[in-house]
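Open the model in a viewer and keep the sequence panel beside it. The stops below go from the whole chain to single residues.

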Amino acid sequence: KDDYVEHIMYHRCLSTLKQPVPCVSRCPARVDIPGYIALVREGRYEDAIRLIRKDNPFPTTCGFICEYPCEALCRRIRGLKRMAADAAGYVAPPACAESTGKNIAVVGGGPGGLSAAYFLQLMGHQVTVYEMLPKLGGMLRYGIPNYRLPKERLDDDIRAILKTGVQVKNGLKIGQDITIQELRQQYDVVLITIGASTDKKLGLENEDADGIISAVQFLRNVGKNQIIDLTGKEVVVIGGGNVSMDAVRTAKRLGAKKVSIVYRRRVADMTALPGEIEGAVAEGIELQTLKAPASIDVDENHHVKGIYVTPQMVSSKPTGEEDIYIPCDVLIVAIGQNIETHHFEQAGIPVERGKIITKSTGAFENLPGVFAGGDCASGPASVIKAIAAAKVVAANIDEYLGYHHEISCDVEIPEAHLDDRTPCGRVNLTEREACERVCDFEAVENCMTEKEAKQEASRCLRCDHFGYGIFKGGRETLW
């Protein structure tokens with residue numbers, strides 16, 4: 001009866017509201033997307049950030065680098081988070097729950113570790129983050145170049161996380177400066193979120209030659225301001241993922257005369273985002289596809305001179321043609337990432353194929369009070385997936401400690417109205433000209449104006465209010 005009244009009298013469909021709406025269902029962190037879009041439409045930018053932070057403590061960061069899996073189902077979203085973060089400025093985090101007296105150590109200060117620390121601190125547990133590098137952020141700081149994520153904007157999110165009371169100990173490496181066993185004695189729970197910060201090898205002779213470096217190390221050096229002068233040099237990057245694109249575009253900005261990507265499959269098979277590939281090509285990067293690394297050429301000083309590649313067919317089998325020689329002064333390897341497993345295996349933590357193996361809760365069978373989550377347990381993934389994994393493991397740790405805290409948000413969502421919508425097209429984000437942006441590390445993408453953001457936000461169909469799905473019997477399709 002209630003459904004009938006709502007549907008007929010108020011044009012509100014309740015039949016589909018028991019499940020997340022399409023955009024929310026595709027967001028790994030389950031952010032209330034229709035809610036913050038409605039807030040942006042009304043110019044309530046601070047409230048939009050507060051609502052996002054209920055599920056994602058990195059609203060500013062994700063405004064720059066999120067892969068937006070939600071847009072596979074609804075193209076009314078991208079760019080609004082960034083605009084809200086820019087317009088809102090610093091927004092204080094919510095108040096924490098009453099202290100539980102429990103202490104938790106989080107090993108790793110990347111997006112997964114900081115997100116878990118944020119949620120656990122809001123639940124009333126005291127969290128201490130152990131980070132081996134000088135600053136927090138993990139791959140966000142030391143793996144993603146400044147032109148994609150300005151570090152002062154990353155610091156905005158980290159400052160809000162630390163404002164909750166999270167404590168930090170920098171410069172301590174697990175297995176070297178402190179052990180898992182010592183942490184277990186000092187804390188009620190230990191959470192391992194070390195990410196995937198080491199590189200995979202090509203397995204070719206002379207891979208240890210001078211001039212050969214992993215993409216992870218190359219980008220980390222740049223992130224630590226240990227700049228390599230590539231002026232006038234030829235650089236080859238092996239791999240077709242987002243890390244590879246970051247490496248080639250960074251090399252170009254460091255003055256390289258020529259930068260090439262070598263990839264054994266087609267452009268369509270690259271795991272990098274299409275926008276990243278297009279951006280690299282626009283900046284003058286050469287794509288050498290269907291070519292598999294075969295051998296490395298070095299000079300008498302054991303410095304890389306070039307690489308031989310084997311032409312491949314689409315089936316990833318050699319064509320039978322002779323190997324092709326590609327000269328280079330620097331060779332960057334970006335074929336995947338692993339974790340440092342030695343200490344964890346010694347501590348009795350199961351590791352298999354470069355990943356820490358846990359139960360579905362993130363816990364271990366034989367190590368009570370020890371959990372793991374994020375890239376070190378799932379393999380390398382996107383930032384939003386790391387945040388989502390942190391939400392899950394934080395809730396599981398809370399349950400393990402005997403609590404059932406729920407993080408809420410007191411932001412009131414605006415009422416839904418479709419009768420005042422003016423049909424309009426999508427507002428696509430613009431970029432700086434390639435010839436200009438390739439000369440510096442300033443942000444590539446331009447933010448929306450307030451007018452553009454409100455127009456884009458007005459396109460939302462508010463599936464969270466009116467329902468969604470394809471209605472049979474000739475009814476209108478709302479989504």
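How many helices and how many strands does the secondary structure of the chain come to? Colour by secondary structure: the total is 19 helices and 17 strands. Bear in mind throughout that this is a predicted model.

**Whole chain**

Start with the C-alpha trace. Taken along the principal axes, the C-alpha atoms of the chain fill a box of roughly 80 × 60 × 40 Å. Does the radius of gyration suit a compact globule, or not, and why? The chain has 24 Å, which agrees with a compact globule, because 479 residues would then give a value near 23 Å.

Next, switch on the surface. About 22100 Å² of the chain is accessible, and 47% of that area belongs to carbon and sulfur atoms. Of the 479 residues, 50% count as buried. Contacts come next: among those between residues at least 6 apart in sequence, 70% join residues at least 24 apart. For charge, select the 57 positive and 64 negative charges; the mean positions of these two groups are 3 Å apart.

**Confidence**

Colour by pLDDT. The average over the chain is 89, and 93% of the residues score at least 70. Now select residues 469-479, where the pLDDT is below 50. In the model this stretch has 17 contacts beyond near neighbours in sequence. Where pLDDT is low, the predicted coordinates should not be read in detail.

**Thr164**

Go to the loop between α9 (151-163) and β3 (167-170), where Thr164 lies. Is Thr164 buried or exposed? Thr164 is buried, because its relative accessible area is 9% and the cut-off for buried is under 20%. Show the residues around Thr164: leaving aside neighbours within four places in sequence, the contacts are Pro93, Cys96, Tyr118, Gln121 and Leu122. Then draw a C-alpha to C-alpha distance from Thr164 to Ala95; these two are 69 residues apart in sequence and 7.2 Å apart in space.

**Tyr187**

Move on to Tyr187, in the loop between α10 (180-186) and β4 (189-192). Tyr187 has a relative accessibility of 13% and so counts as buried. Which residues does Tyr187 touch, not counting those up to four places away in sequence? They are Asn103, Ile104, Ala105, Thr128, Tyr130 and Lys169. For a longer view, select Ala294 as well: Tyr187 and Ala294 are 107 residues apart in sequence, and their C-alpha atoms are 49 Å apart in space.

**Asn206 and Asn225**

The next two stops concern backbone angles. Most residues other than glycine have a negative phi. Select Asn206, in the loop between β5 (198-199) and β6 (212-214). Phi of Asn206 is positive, near 70°. The relative accessible area of Asn206 is 22%, so this residue is partly exposed.

Then select Asn225, placed in the loop between α11 (215-223) and β7 (234-238). What is the phi of Asn225? The value is about 65°, positive although Asn225 is not a glycine. With a relative accessible area of 61%, Asn225 is exposed, since the cut-off for that class is over 50%.

**Tyr325**

Select strand β12 (residues 324-327) and pick Tyr325 in this strand. At 32% relative accessibility, Tyr325 counts as partly exposed. Beyond neighbours within four places in sequence, Tyr325 is in contact with Asp297, Lys305, Gly306, Ile307 and Tyr308. Add Arg462 to the selection: Tyr325 and Arg462 are 137 residues apart along the chain, and their C-alpha atoms are separated by 56 Å.

**Val411**

The last stop is Val411, in the loop between α16 (383-400) and α17 (434-437). Is Val411 buried or exposed? Val411 counts as buried, because its relative accessibility is 12%. Show what surrounds Val411: apart from neighbours within four places in sequence, the contacts are Leu39, Arg44, Asp47, Arg50 and Leu51. Of these, Leu51 is 360 residues from Val411 in sequence, with 6.5 Å between the two C-alpha atoms.

Key: Residues numbered from 1 in each chain as written. Predicted model: local features only at pLDDT ≥ 70, side-chain atom pairs only at ≥ 80, totals over all residues. Heavy atoms only, no water. Helix = DSSP H or I, 4+ residues; strand = E, 2+ residues; numbered from the N terminus. Rg over C-alpha atoms; globule rule 2.2 N^0.38 Å. Buried < 20%, exposed > 50% of the residue type's maximum accessible area, 1.4 Å probe, protein only. Contact = heavy atoms within 4.5 Å. Areas by Shrake-Rupley, 256 points an atom, 1.4 Å probe, with all protein chains shown as cover. Lys, Arg positive; Asp, Glu negative; His and termini not counted. Charge placed at Lys NZ, Arg CZ, Asp CG, Glu CD. pLDDT = per-residue confidence, 0-100.
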